[in-house]
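Got the model open in your viewer? Here is a short tour, stop by stop, with something to select at each one.

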Amino acid sequence: MTGPDWFDAGLPHVWLPYTQMHTASPPLPATATDGCRIRLSDGRELIDGIASWWTACHGYNHPHIRQAATDQLARMPHVMFGGLVHEPALRLARRLTDLLPGDLERVFFSDSGSVAVEVAMKMAVQYWLNRGQSGRTRLVAFRGGYHGDTLATMAVCDPEEGMHSLFAGVLPQHVITDLPCDAASCAALDHLMETEGQHVAAILVEPLVQGAGGMLFHDPATLRALREIADRHGVLLILDEIFTGFGRTGSLFACQQAGIVPDIITLSKALSGGTVPLAATVARRHVFQAFLSDDPTHALMHGPTFMANPLACACANASLDLFEREPRLEQVAAIGAQMRDELEACRHLPAVRDVRTMGAIGVVELERIRDMNRLKARLVDQGVWVRPFRTIVYLTPAFTIAPKELAHLTQAIRTVLSDPP
C-alpha cells in the first residue's frame with residue numbers, strides 16, 4: 001500500500017525484525033491503537049489477535065495505565081539506578097516478590113526479555129564461581145526452546161529448529177536435549193546430568209509453553225521432573241516466563257500449576273501491560289546470598305542504563321493493579337474455552353496438523369505454509385492482525401478482548417485456512 005509521507009520517506013531507512021526485506025511485503029503503517037484494535041493510516045481497523053507479541057494483556061491504551069504513565073512522566077521519567085533508587089521500582093519489586101512463589105525475593109530489572117534471560121544465565125554461572133566452583137559454565141536447555149536474540153541467549157535456543165543456526169560456530173556450546181516429558185526422556189536427562197552435571201550451572205526452560213519455538217505445550221509434570229532432577233544433581237533451575245508470566249497460561253505464573261519454585265525466574269512481555277519496555281530477573285534467597293561478600297568481584301557486574309526506568313515501573317505497577325482489581329484469570333479461562341470451541345473446526349481443514357489451546361493461547365499448526373506473504377495478506381483482508389510463523393497460526397489476544405472480537409479472529413482463521421496457504 002502507498003502510505004503517508006512519513007511512511008514513504010522513512011521506510012527506506014529502517015531495518016525490520018525477522019524480515020527478508022528484499023522479498024517481504026511492506027509493513028502496514030499504524031497510526032493509533034485502542035482496546036484490541038490497530039488503526040492504519042488508510043482508515044482500516046484490524047482486530048489484534050496477538051497483543052503485540054503477547055504484551056498488551058489489558059488491551060491498548062488502558063486508562064489506568066495511561067494515567068500512571070502521565071503522572072510519572074510529569075514527575076520523573078527516568079533516573080539512573082546506580083546509587084539511586086525510587087518509589088516505583090521498590091514498590092514493584094516488593095509486589096512481584098509477594099506474588100511469586102517461595103523465596104523468590106531479589107529483583108534485578110532490565111529492559112528486554114533477552115537481557116533478563118542473559119542476566120539469569122550470568123547469575124547462574126557466577127553463583128558457582130562465587131562459591132569456588134569454576135567448572136560450572138554450561139546450561140542445559142531444550143529442543144524447541146527460544147530464549148532471545150542476544151549472542152548469549154541464542155546459544156540456548158533450539159539449534160536446529162530455532163532462528164539462530166546460522167551462528168552455530170560463533171556461540172558458546174551449551175547442552176541442548178529433549179524435554180523430560182515421559183519416563184524415557186526423564187531417564188535420559190538424568191543420565192546426561194550424571195555425566196555432565198559437574199559442568200552445568202543451571203537448567204533453563206520455558207514452563208508449559210515453548211513459545212517462539214513453535215507454541216509447543218507440555219504439562220506441569222514436566223516441570224516437577226525438572227525441579228527434581230535439578231535438586232538431585234545440585235544445579236539451579238531457571239524458568240523463562242517472559243511469554244507465560246502474567247496469566248497467559250491460565251495461572252498468574254506458569255510455575256504455579258506445577259507447584260514448584262525455580263531458583264531464578266525471568267519476566268517481561270506483559271510486565272508493563274505492553275506500554276514501556278521492562279523486564280525482571282528474580283532470584284531466590286540462596287542465589288542472592290552467594291553474591292554477598294567483602295570481595296568486590298563477587299558483586300553482579302551488570303547494569304543496563306535504563307534498568308528500573310521509573311516510567312516503565314509505574315506502568316508495571318498499574319498493570320498489577322489491574323490484575324488485582326479486574327477478573328483477568330477468569331477472562332483468560334473464557335478466552336480459552338471460546339478458542340477451543342471455535343478453532344476446533346480447523347482440525348479437519350486441508351494441511352492442518354494439529355489444533356491446541358492453553359489458557360489464552362490458541363494454535364493451529366499446519367503441515368506447511370507455501371506462501372507466507374499471501375497468508376498474512378489474506379488475514380489482513382479479513383480485518384485481523386495475526387502473524388503466523390514457520391507452520392504456526394496462533395492467537396494470543398488481550399485478556400480484555402470482547403467475545404465478538406475473538407469470534408471475528410477465529411472465523412478469519414477458519415476462512416483463510418479453508419483454502420490452504
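Start with the lining of the largest cavity: its residues split into five nonpolar, two polar and one charged. To bring the lining up, select Gly35, Cys36, Asp48, Ala51, Ala56, Gly59, Tyr60 and Ala398. Keep in mind that you are looking at a predicted model. How much volume does the largest cavity have? About 30 Å³. And how many cavities of 30 Å³ or more turn up in a search of the whole structure? Just one.

**Next stop: the annotated positions**

Now clear the selection and pick Trp53, Tyr146, Lys269, Gly303 and Arg387, which an unreviewed UniProt entry annotates as "binding site". Zoom out to fit them in: they are spread over 335 residues of sequence, and in space they are spread too, with up to 33.4 Å between C-alpha atoms.

Take Trp53 from that set. You'll find Trp53 in helix α2, which runs over residues 51-54. Is Trp53 buried, partly exposed or exposed? Colour by accessibility and check: its relative accessible area is 42%, so Trp53 counts as partly exposed; the buried class ends at 20% and the exposed class begins over 50%. Then show what Trp53 touches, leaving out residues up to four places away in sequence: Pro17, Tyr18, Lys269 and Tyr394. Lys269 may look familiar, as the UniProt "binding site" annotation covers Lys269 as well as Trp53.

Hop over to Gly303, another position under that annotation. Gly303 sits in a loop, with α9 (285-289) on one side and α10 (310-325) on the other.

**Last stop: Asp354**

Select strand β13, residues 352-358, and pick out Asp354 within it. Asp354 has 23% relative accessibility, so it is partly exposed; the cut-off for buried is under 20%.

Show side chains here. Which side chains does the Asp354 side chain meet in polar contacts? One is that of Arg356, at 2.9 Å. Another is that of Arg347, at 3.4 Å. Now widen the view to general contacts, skipping residues up to four places away in sequence: Asp354 touches Arg347, Val363, Val364 and Glu365.

To finish, draw a distance line from the C-alpha atom of Asp354 to that of Ala152. The two residues are 202 apart along the chain, and your line should span 32 Å.

How values were computed
Residues numbered from 1 in each chain as written. Predicted model: local features only at pLDDT ≥ 70, side-chain atom pairs only at ≥ 80, totals over all residues. Heavy atoms only, no water. Helix = DSSP H or I, 4+ residues; strand = E, 2+ residues; numbered from the N terminus. Buried < 20%, exposed > 50% of the residue type's maximum accessible area, 1.4 Å probe, protein only. Contact = heavy atoms within 4.5 Å. Polar contact = N/O pair within 3.5 Å; in protein donor to acceptor, adjacent residues only side chain to side chain. UniProt positions renumbered as here; feature names shortened; annotations may be inferred. 1 Å grid on protein atoms, 1.4 Å probe; cavity = no way out; pocket = protein on both sides within 12 Å on 5 of 7 lines; lining within 4 Å. Points joined across faces, edges and corners; volume = space filled by probe spheres on them. Nonpolar A, V, L, I, M, F, W, Y, C, P; charged D, E, K, R; others polar.
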